[in-house]
Amino acid sequence: MSRLRSAMQKGKRTTLDVNDVTEPAKPPRKRPKVALKEEEARDTTLSSLYHIFNDQADITHFRSQLLDWYDSGKRELPWRTMATNEPDLNIRTYAVWVSEIMLQQTQVATVIAYYNKWMKRWPTVQDLAAATLEEVNQMWAGLGYYSRGRRLHEGAQKVVSELKGQMPRTVESLLKQLPGVGRYTAGAIGSIALGQVTGAVDGNVIRVLCRVRAIGADSTSPAVTEALWGLANTLVQPERPGDFNQAMMELGARICTPKGPLCTHCPIQSHCRSYRKVHIKQEENSKRLLGKLDKKPSTLSDIEDCMNSGTCNLCPTEPWDDGLGVQNFPRKPVKKAPRVERTLTCVVVRSVEGEEEQYMLTQRPNKGLLAGMWEFPSLLQEEDNSEAKHKGALCAEVGKMLGVKLNKSLFQYVGEVVHIFSHIHQTYVVYSVFLNDAEERKTQNENTQWLTRHALQEAAVSTGVKKILKLYESTTSQEEQITKDGKRKKTAVKNEKTLQTSKRPKVGTATNGVKQLSLSSFFKTVKEES
Ligand code: SF4
Ligand code: ZN
């Protein structure tokens, strides 16, 4: 029998005793699955009073302590100012939506500059809808998790084309209408921008609530998720739901941190079961040391521990670790190891008489990992083969794109760059090729472009591309010369290492008019973002 089901039955026994006695036994009836699911969720919170708040005075006290702390020292953040001062509901909802999407997976300190720039350029949902995906990607460059920017853009276009330019006004419609908006984001936007009375459970809130109510089971399990949402919805302050949710998040970010939480400064310490538990354990240990306690640990009273700990689906499954203290909560599932990939990539540089050097970039497809972003020509490395084979493969691909036949001796090994995506451990094996002629100028097309270094830095390129460029430049010392007309001109001077291996032959000598092929084959190895 599953732990969930046994806990359910235990919960029923403790809550439905009277009915069991007064009603004659009936054969079990089949119930619709949905009803059963709802009941499981309800029974989860009933499995032990230890994990919930059931005293109204306690709840009121919790709210006021938290909000007093928040009011006295909250961080001033641009989206908070917008949420408080912006009278136009549509703009306010849009502004909070943008901030919430940016804040997913990204630190507040990083988001601030991006947010200010974004809101200056696209102050309304209509402005964002009118932008191109290229512009959005460019603005997002460096923030990571690029699908977020794309979804904001898609959402804005949907609001303008399908919702007459009106942002959704309820949690349900935010969830239903906006791509990339899940339960948490809808709750956050709904409470902060629209004053809807709902909890919002993000990573910080999960940690705070798990500690406050000593919830130590896998924090991603359905039982824990439902319990946390139940707690958040119970605790939220009905008059200030947005401030309450932000206060919970801020507490998680500044006080109840993943490591080294500042419990002595915590405004809700008196409600915290894990803090209490740590104290009781410490007292027990010191008494034992002084010989004042039996060898066997005392049983905590019901109020100090979960009554159903043997079967409870919110209690920890792993033993208590004294060394961790309150950090025994929450428990995370073991992380799936990221996929390991190696990608051959080539920095293709051309020099045109009297102009700055230019780099060749190609655009990724509009779906999947880093959709629509620009990168150096790349190929997934299927096997761990030799440098000569790498050069051969890149030579063929770059040759196809340029519409010329290249010699693989033009290609130089540069080094390796590691870049970690959420689910991929990517190693770029970097090569370079330098082209002297203007022959390849004709390759400028929709999916391929030549950019100066400055333009490349401004373009919609990922952090991985910038790391590759940095590595390339570190092997080539750049001397900048200012020409008479004031233009900057770069002269590449190879360092010792590259001098040994690289000579920059002219591409023209190898040209025999090979036709450029479709780029789709080039990208077929790129995996979808999970
Ligand atoms: Fe977190 Fe400590 Fe406060 Fe409990 S007392 S909520 S563990 S900071
Ligand atoms: Zn329990």
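The following exchange concerns a predicted model of a protein chain and the reasons behind some terms used for it.

Biologist: What makes up the secondary structure of the chain?

Modeller: The chain holds 21 helices and nine strands. Of its 530 residues, 47% are buried. The accessible surface comes to about 27300 Å², and carbon and sulfur atoms account for 53% of that area.

Biologist: Why is the site of the zinc ion (ligand 2) called tetrahedral?

Modeller: Four donors count as tetrahedral if all angles lie between 85 and 135 degrees. The angles among the four donor atoms of the zinc ion (ligand 2) are 101 to 117°, and the site is therefore tetrahedral.

Biologist: What makes His51, Cys306, Cys312 and Cys315 donor residues of the zinc ion (ligand 2)?

Modeller: A donor is an N, O or S atom within 2.8 Å of the metal. The NE2 atom of His51 and the SG atoms of Cys306, Cys312 and Cys315 lie at 2.1 to 2.3 Å, so they count as donors. Along the sequence, the donor residues follow the spacing H-x254-C-x5-C-x2-C.

Biologist: Why is the pair His51 and Cys312 said to tie together parts of the chain?

Modeller: His51 lies in the loop between helix 3 (33–46) and helix 4 (56–73), whereas Cys312 lies in the loop between helix 16 (273–289) and strand 1 (339–350); the pair therefore ties together parts that are 261 residues apart in sequence. Both His51 and Cys312 are buried.

Biologist: Why is a set of residues called a nonpolar core?

Modeller: The set is so called because its members are buried residues of nonpolar-core types, joined through side-chain atoms within 4.5 Å. The largest nonpolar core has 106 residues, and Phe62, Leu66, Tyr94, Trp97, Trp118, Phe376 and Leu456 touch the most other members. Helix 14 (residues 222–235) gives the most to this core, with eight residues. At least three residues come from each of domain 1 (56–271) and domain 2 (339–492). A second, separate core of 19 residues includes Leu402, Val433, Leu435 and Trp450.

Biologist: Which residues does Leu456 touch, not counting residues up to four places away in sequence?

Modeller: Leu456 touches Tyr359, Leu361, Phe376, Leu451, Val461, Val465 and Leu469 on that count.

Biologist: Where is Leu103 found, and which residues does Leu103 touch?

Modeller: Leu103 belongs to helix 6 (residues 89–103). Not counting residues up to four places away in sequence, Leu103 touches Trp79, Val108, Val111 and Arg148. The C-alpha atoms of Leu103 and Leu143 are separated by 9.8 Å, although these residues are 40 residues apart along the chain.

Technical notes
Residues numbered from 1 in each chain as written. Chains lettered and ligands numbered in written order. Predicted model: local features only at pLDDT ≥ 70, side-chain atom pairs only at ≥ 80, totals over all residues. Heavy atoms only, no water. Buried < 20%, exposed > 50% of the residue type's maximum accessible area, 1.4 Å probe, protein only. Helix = DSSP H or I, 4+ residues; strand = E, 2+ residues; numbered from the N terminus. Domains from an automatic or database assignment. Contact = heavy atoms within 4.5 Å. Areas by Shrake-Rupley, 256 points an atom, 1.4 Å probe, with all protein chains shown as cover. Donors = N, O, S within 2.8 Å, 3.2 Å for Na, K, Ca; no water. Tetrahedral: all angles 85-135°; square planar, octahedral: opposite > 155°, others 65-115°.
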